[in-house]
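This report introduces the reader to the salt bridges of one structure and to a patch on its surface. The sequence and the model are shown first.

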Amino acid sequence: MKEFLEVAGDLIFFAVASLRSGLRPPYEWRQLAVQIAEIGWRSLPLVVASGFAIGVVTTLHTRSTLVQFGAEAMIPGLQSMSFFNELGPLVTGLLLAGRVGAGIGAELANMRVTEQIDAIETLSVDSVKFLVVPRIVACAMAMPLLTTFENAAGLAGGYVAEVFRSHISAKLYLSEAFKSVEMANFVPPTLKTTVFGLLIGIVSCFFGYTINEGSAGVRRAATTSVVVSSLLIILSDVILVKLIFFLFPEHAI
């Protein structure tokens, strides 16, 4: 318990120090662009593929149930509301925690082991500002965009699964999918993924930046980053959904 509290305290201090460093000029725009490309663009194929596959599977599962009640016309609306409210944000967050969290943790831990971080600091360069802040900001910026692609791919997968069963047109499918969707069903759940991105960035950078245990430390940093990031995403999702319910009691599911 004592070790857990010490790690939690160090993580909070690390997050505050990173925030302060990020607010002070000069800003590392070039590093930020590199990290956005690495974290956002290179995660896009995984996000789109998973969204399409989940869209197909959820449609196949829900169709068999809704047909029993003569409610198959609700499939497009159910698909869109499921992805916009929960499936898209949560699946994208967990995917990014697995791919990006492990990568950041291992990369920074390896730089610590090989003394690259020490070399950067000997050049009077703020290593937190140069290495940590761009990765945290890039995670926070990429998450809402990737979630939007996940939602779009989920609807596309749902349409492909549905068109083979009912031959529904794309225009009618989209019309039914967005008929009940309001801004409160899309904007708050998408924006909450910014918090997921911050958690992934802070946790992964913390373990990668602070663990210095040789090759075993690199593996530990990567694994711990994924596990802790995923747990915090799930926990924060519960809290944020409650907050959305409180702010939009009539619209949020």
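A salt bridge is a side-chain nitrogen of Lys or Arg within 4 Å of a carboxyl oxygen of Asp or Glu. Side chains of opposite charge can pair when their charged atoms come close. In this predicted model, the structure holds nine salt bridges. Among them are the three pairs listed here.

| Acidic residue | Basic residue | Closest N and O atoms |
|---|---|---|
| Aspartate 126 | Arginine 24 | 3.6 Å |
| Glutamate 38 | Arginine 42 | 3.1 Å |
| Aspartate 237 | Lysine 192 | 2.6 Å |

The pair of aspartate 237 and lysine 192 joins distant parts of the chain, 45 residues apart: aspartate 237 belongs to helix 10 (residues 214–247), and lysine 192 to the loop between helix 8 (183–191) and helix 9 (193–210). Aspartate 237 has 7% relative accessibility and therefore counts as buried; lysine 192, at 4%, is buried as well.

Aspartate 126 and arginine 24 form a salt bridge that also links distant parts of the chain, 102 residues apart. Aspartate 126 sits in the loop between helix 5 (116–122) and helix 6 (127–166), while arginine 24 sits in the loop between helix 1 and helix 2 (29–39). Aspartate 126 is partly exposed at 33% relative accessibility, and arginine 24 is partly exposed at 44%.

Salt bridges also connect Glu38, Arg42 and Arg99 in a network. Within this network, glutamate 38 is partly exposed, at 32% relative accessible area, whereas arginine 42 is exposed, at 55% relative accessibility.

On the surface, Met1, Phe4 and Leu5 make up a nonpolar patch with about 400 Å² of accessible area together. Leucine 5 is part of helix 1 (residues 2–23).

Terms used:
Residues numbered from 1 in each chain as written. Predicted model: local features only at pLDDT ≥ 70, side-chain atom pairs only at ≥ 80, totals over all residues. Heavy atoms only, no water. Patch = residues over 30% accessible without salt bridge, like charges linked within 9 Å, V, L, I, M, F, W, Y side chains within 5 Å. Areas by Shrake-Rupley, 256 points an atom, 1.4 Å probe, with all protein chains shown as cover. Helix = DSSP H or I, 4+ residues; strand = E, 2+ residues; numbered from the N terminus. Buried < 20%, exposed > 50% of the residue type's maximum accessible area, 1.4 Å probe, protein only.
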